[in-house]
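User: I'd like a close look at one part of this protein, the sheet region, and then at how the rest of the chain is built. Please keep it friendly for someone who works at the bench.

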Amino acid sequence: MITQKIAEAKLAKRKLFFQTLIIILLLSVLCVLLIVWASMPKTIHDSSEAESSQTLDIVDIPVVTESAQDNETLRQAYLESYAHYENTLKPELNKIELEQWDKALAERLNTTERSAIKQFGEAKYAQAKATLDTLIKHAETAITDSQDQFKTAIQDARQAFDNNQYQPAKLAISKALMLDNSSQQAIDLAERIEQLPEIASLVDQINVAKVENDLQTELTLINQLLTLTPEREALKQRAQTLQSTLDNQKFQSFIAQSYTAIENGRIDAAKTALNQARNIHPNRAEISDVNSAILQYEKNQRVQNALSNARQAETKDDWQTVKTNLEQVIKETPNNQTATDKLAMANAILSLNNKIDDYLKTPYRLSNGQLSEQARSTINQATNYRNQSPSLTTKRRELENVLTAVNRTIPVEVRSDNKTHIQVRGVGNVGVIDAKEIQLKPGQYTFEGKRPGFKSKLVEVTIPYDVSRYSLTLVCDEPI
């Protein structure tokens with residue numbers, strides 16, 4: 001029924017345009033006929049007057065004597081009033097389904113209009129004007145009454161719609177469309193009322209979800225309902241409350257998941273849950289707390305890994321790796337005294353290793369008394385770590401052997417021609433000899449030979465520290 005009303009309302013708009021056009025054409029033809037009729041003999045008017053008096057008995061029209069009126073003035077007044085009726089009142093009346101609303105009123109308006117047109121056609125301008133005035137009065141009353149009743153009907157329809165009462169809403173909107181079939185407000189409301197069965201079903205489901213405390217289902221159903229009835233403020237507020245509650249529940253769940261993942265060492269899972277919580281409430285204090293817990297866990301893991309690597313490196317006598325990892329530990333935990341002490345040991349072992357390596361690279365320097373004392377001090381320090389670093393112990397022993405070797409004398413046999421004078425620069429003279437054994441410490445020496453009439457000779461030799469004897473020959477045999 002409502003769908004039909006809507007269709008009829010749309011059709012009425014189209015019909016109104018054509019009706020107005022036809023009326024204008026009829027008025028033009030009528031004016032031409034009136035001019036022709038005015039030139040006809042009076043006898044015709046008299047006979048027509050008698051006939052019209054019988055027709056006018058149908059409606060309540062006052063009797064007016066035309067002789068007292070100026071015909072042209074009355075005629076013009078009629079035309080103006082009829083134009084007002086056709087252009088202003090008739091379109092408003094066409095919005096009303098008069099036959100359904102008040103059949104007697106519809107018949108009265110039609111009869112009165114025909115009488116006014118007939119009287120005008122008979123040049124009874126005074127009577128036609130009076131009849132037209134009655135028609136306008138009835139039309140205006142009908143329009144005012146219909147508008148008042150329309151307001152009431154549309155309010156009743158909306159109230160019933162808001163209360164999900166389908167039948168009362170349908171009856172009220174049908175009446176509203178009967179009173180104004182052009183109202184877009186009524187047409188739209190009629191379409192929405194047809195959705196009430198679906199709306200009522202959603203309302204029932206919402207109530208069930210609410211009783212069962214199924215917040216997610218209730219929110220989903222409310223959102224569906226709001227697509228049909230977006231103006232329901234109470235439902236909007238309820239949806240906001242539900243969304244806030246669900247968001248808080250999800251937020252707390254993600255926070256709990258993060259902490260559980262941290263406890264189980266699943267940091268990637270903890271970070272994922274934290275990001276999901278951050279998407280809901282990015283500025284909540286819990287976000288910072290969980291993030292701090294993750295950072296602390298990662299820090300602890302780095303420290304534990306570094307300590308583990310340091311322990312493994314220590315068993316392998318790899319003190320450079322020990323040092324690197326312990327420095328990382330102290331960077332993360334400056335107050336870790338165990339790591340600090342172990343790092344000091346690593347630095348000491350590495351330093352002693354470097355010193356011993358330097359001594360072993362240039363062992364002959366150790367024959368110098370001052371360097372020899374420093375080397376022995378290094379050896380004594382390295383002894384303190386004999387249980388921690390086997391490689392340092394090995395180097396220490398090697399240095400001890402080298403230090404002993406370079407500080408003992410080695411028999412050096414010097415041979416010549418018993419004509420060449422031989423000396424060891426910086427040490428002393430060997431003399432003119434055929435062969436002679438002298439005692440020298442391992443190291444580098446310069447032997448110089450001189451003979452009158454012959455070129456002098458220089459011989460550079462290095463006496464190894466790992467030999468028991470050494471010999472050389474020096475003869476000046478090149479004449480000057």
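What are the strand order and the pairing in the open sheet of three strands?

Analyst: Happy to walk you through it. This is a predicted model, in which local features need pLDDT of at least 70 and side-chain atom pairs count only at pLDDT 80 or more, while totals for chains, interfaces and linings use all residues. Residues are numbered from 1 along each chain as its sequence is written, and side-chain values use heavy atoms, with hydrogens and water left out.

The open sheet of three strands runs in the order 4-1-7, and its pairing is mixed. Strand 4 (435-440) and strand 7 (470-473) are the edge strands, each pairing on one side only. From one strand to the next, the twist averages 25°. Here strands are DSSP runs of E with at least two residues, helices are runs of H or I with at least four, and both are numbered from the N terminus. Two strands pair if DSSP finds at least two bridges between them.

Within this sheet, strand 1 (residues 410-415) and strand 4 run antiparallel and are joined by six bridges. A handy place to see this is Arg-415, which stands opposite Ala-435 in strand 4. As background, the strands of a sheet pair through backbone hydrogen bonds, either parallel or antiparallel.

If you follow the chain on from strand 1, you meet Asn-418 in the loop between strand 1 and strand 2 (421-424). The phi of Asn-418 is near 65°, a positive value in a residue other than glycine. Asn-418 counts as partly exposed because its relative accessibility is 47%. On this scale, buried means under 20% relative accessible area, exposed means over 50%, and partly exposed lies in between (1.4 Å probe, protein chains only).

Strand 2 takes you into another open sheet, this one of four strands in the order 3-2-5-6 with antiparallel pairing. Strand 3 (428-432) and strand 6 (454-463) stand at its edges with a single partner strand each, so one side of each has no neighbour in the sheet. Neighbouring strands in this sheet are turned by 20° against each other on average, direction ignored.

Strand 2 and strand 5 are antiparallel and share four bridges, and His-421 has Lys-450 in strand 5 as its bridge partner. On to strand 5 (residues 443-451) and strand 6, which pair in the antiparallel sense over eight bridges. Thr-446 stands opposite Glu-460 in strand 6, and Arg-451 has Phe-454 as its bridge partner in that strand. Strand 5 and strand 6 form a hairpin with two residues between them, and Gly-453 in the turn has a positive phi of about 85°. Seven of the nine residues of strand 5 are buried, so this strand is largely enclosed by the rest of the structure. In a regular strand, side chains alternate between the two faces of the sheet.

Now for the wider setting. The chain contains 17 helices and seven strands, and 38% of its 480 residues count as buried. About 27000 Å² of the chain is exposed, with carbon and sulfur atoms supplying 50% of that area, by the Shrake-Rupley method with a 1.4 Å probe. Among contacts with a separation of 6 or more, 64% are between residues 24 or more positions apart, where contact means heavy atoms within 4.5 Å.

Two helix pairs are worth a look as well. The axes of helix 12 (residues 267-280) and helix 13 (residues 285-315) come within 10 Å and cross at roughly 165°. Axes are lines fitted to C-alpha atoms, for helices over the stretch in contact, and angles run from 0 to 180 degrees between N-to-C directions. Helix 12 is therefore roughly antiparallel to helix 13; angles over 145 degrees get that label, while those under 35 are roughly parallel, 65 to 115 roughly perpendicular and the rest oblique. Residues of helix 12 including Ile-267 and Leu-274 meet residues of helix 13, among them Ile-287 and Tyr-297.

Helix 14 (residues 319-332) and helix 15 (residues 337-361) have axes that come within 9 Å and cross at roughly 150°. That makes helix 14 roughly antiparallel to helix 15. The contact includes Trp-319 and Leu-326 of helix 14, and Leu-343 and Met-345 of helix 15.
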